[in-house]
Amino acid sequence: MIQLAIEVRPAKAADAEALSGFAARVFPLGGRPGADPAHLAAYIAAELTPKRFRELIADKNAVLLIAESGGRIAGYAALVHACGNSQIQAKSPAELRKLYVDPRYHGGGVAVRSCANFSARRKRPAKRSGLASTRRMPEPSRFTRDRDS
């Protein structure tokens, strides 16, 4: 495998348009098998807009990172503090809410580098963190299982 030069940095408001386009392209690839294309399209239209990305970037309880290779977005990840996810039982929880990688970069360390950067860039310490995914989605399950060993 070719070693990719991956740069991970905090997202800025100026990145919102590019993030929206990237997210609209890769989100359907990470959906559960058999998902209704109309539901995916509705989610993309409502939640993956430049406005929503600007709100996430400005959120004091969130950290949004962009992974780039050669000036192209290779992936992005969002960590949300005080997430309120009932499955994460901790005094100061954090949830890895989004982690999407362009298929051309799968296996190239984008997800690992993005997650490692959260430790250095999070806005406050988290006692416990979690990744929201479903067992019907093999990629997130495989990624987290590989990290646990």
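1. Start in the sheet. Leucine 64 stands opposite alanine 78 in S3. Leucine 64 belongs to strand S2, residues 62-69. S2 and S3 run antiparallel and are joined by eight bridges. Please keep in mind throughout that this is a predicted model.

2. Overall layout. The protein chain holds five helices and five strands. Read from the N terminus, the order of elements is β-α-α-α-β-β-β-α-β-α. Of the 149 residues, 38% are buried. Long-range contacts carry weight here: among contacts with a separation of 6 or more, 66% are between residues 24 or more positions apart.

3. Strand S2. How many of its residues are buried? Eight of eight, so S2 is mostly covered. Both faces are covered. One side presents Ala62, Leu64, Ile66 and Glu68. The other presents Val63, Leu65, Ala67 and Ser69. Note that Glu68 is on the list of buried residues.

4. Partners of glutamate 68. This residue has a bridge partner in S3, isoleucine 73. Glutamate 68 is also the bridge partner, in S2, of glutamate 7. That second pairing brings in strand S1, residues 7-10. S1 and S2 run antiparallel, with four bridges between them.

5. Strand S3 and the hairpin. S3 covers residues 72-81, and nine of its ten residues are buried, so the strand is largely enclosed by the rest of the structure. S2 and S3 form a hairpin with two residues between them. Glycine 70 sits in the turn, with a positive phi of about 60°.

6. Helix packing. H1 (16-26) packs against helix H3, residues 50-58, at an angle of about 115°. Their axes are 8 Å apart. The crossing is right-handed. H1 contributes Ala16, Glu17, Leu19, Ser20 and Ala23 to the contact. H3 contributes Pro50, Phe53, Arg54 and Ile57. By class, the contact has six nonpolar residues, one polar and two charged.

7. Aromatic pairs. The count comes to five. One of them joins phenylalanine 27 and tyrosine 43. Is this pair stacked or edge-to-face? It is stacked, with the centres 4.7 Å apart and 20° between the planes. The pair links distant parts of the chain, 16 residues apart. Phenylalanine 27 is in the loop between H1 and helix H2 (37-47), and tyrosine 43 is in H2 itself. Burial differs between the two rings' residues. Phenylalanine 27 has a relative accessible area of 14%, under the 20% limit, and therefore counts as buried. Tyrosine 43, at 31%, falls between 20% and 50% and so counts as partly exposed.

8. A second pair at phenylalanine 27. Its ring also pairs with that of tyrosine 100. Here the centres are 5.9 Å apart and the planes stand at 55°, so the pair is tilted. Why tilted? The 55° angle is neither under 30 degrees, which would be stacked, nor over 60, which would be edge-to-face. Tyrosine 100 lies in strand S4, residues 93-101, so this pair ties together parts that are 73 residues apart in sequence. Both phenylalanine 27 and tyrosine 100 are buried.

9. The aromatic cluster. Ring pairs link Phe22, Phe27, Tyr43, Phe53, Tyr76 and Tyr100. Phe53 also appears in the contact between H1 and H3.

10. Aspartate 102. Where is it? In the loop between S4 and helix H4 (110-121). Is it buried or exposed? Its relative accessibility is 1%, under 20%, so it counts as buried. Leaving aside neighbours within four places in sequence, aspartate 102 is in contact with Phe22, Arg25, Val26 and Ala74. One of these, valine 26, is 76 residues away in sequence. In space, the two are 6.4 Å apart, C-alpha to C-alpha. Phe22 is also a member of the aromatic cluster.

Key
Residues are numbered from 1 along each chain as its sequence is written. This is a predicted model: local features need pLDDT of at least 70, side-chain atom pairs count only at pLDDT 80 or more; totals for chains, interfaces and linings use all residues. Side-chain values use heavy atoms; hydrogens and water are left out. Rings of Phe, Tyr and Trp (its six-membered ring) pair if their centres lie within 6.5 Å; planes under 30 degrees apart count as stacked, over 60 as edge-to-face and the rest as tilted. Buried means under 20% relative accessible area, exposed over 50%, partly exposed in between (1.4 Å probe, protein chains only). Axes are lines fitted to C-alpha atoms, for helices over the stretch in contact, and angles run from 0 to 180 degrees between N-to-C directions. A crossing is left-handed if the near helix is turned anticlockwise from the far one by less than a right angle, and right-handed if clockwise. Contact means heavy atoms within 4.5 Å. Ala, Val, Leu, Ile, Met, Phe, Trp, Tyr, Cys and Pro count as nonpolar, Asp, Glu, Lys and Arg as charged, and the others, Gly among them, as polar. Two strands pair if DSSP finds at least two bridges between them.
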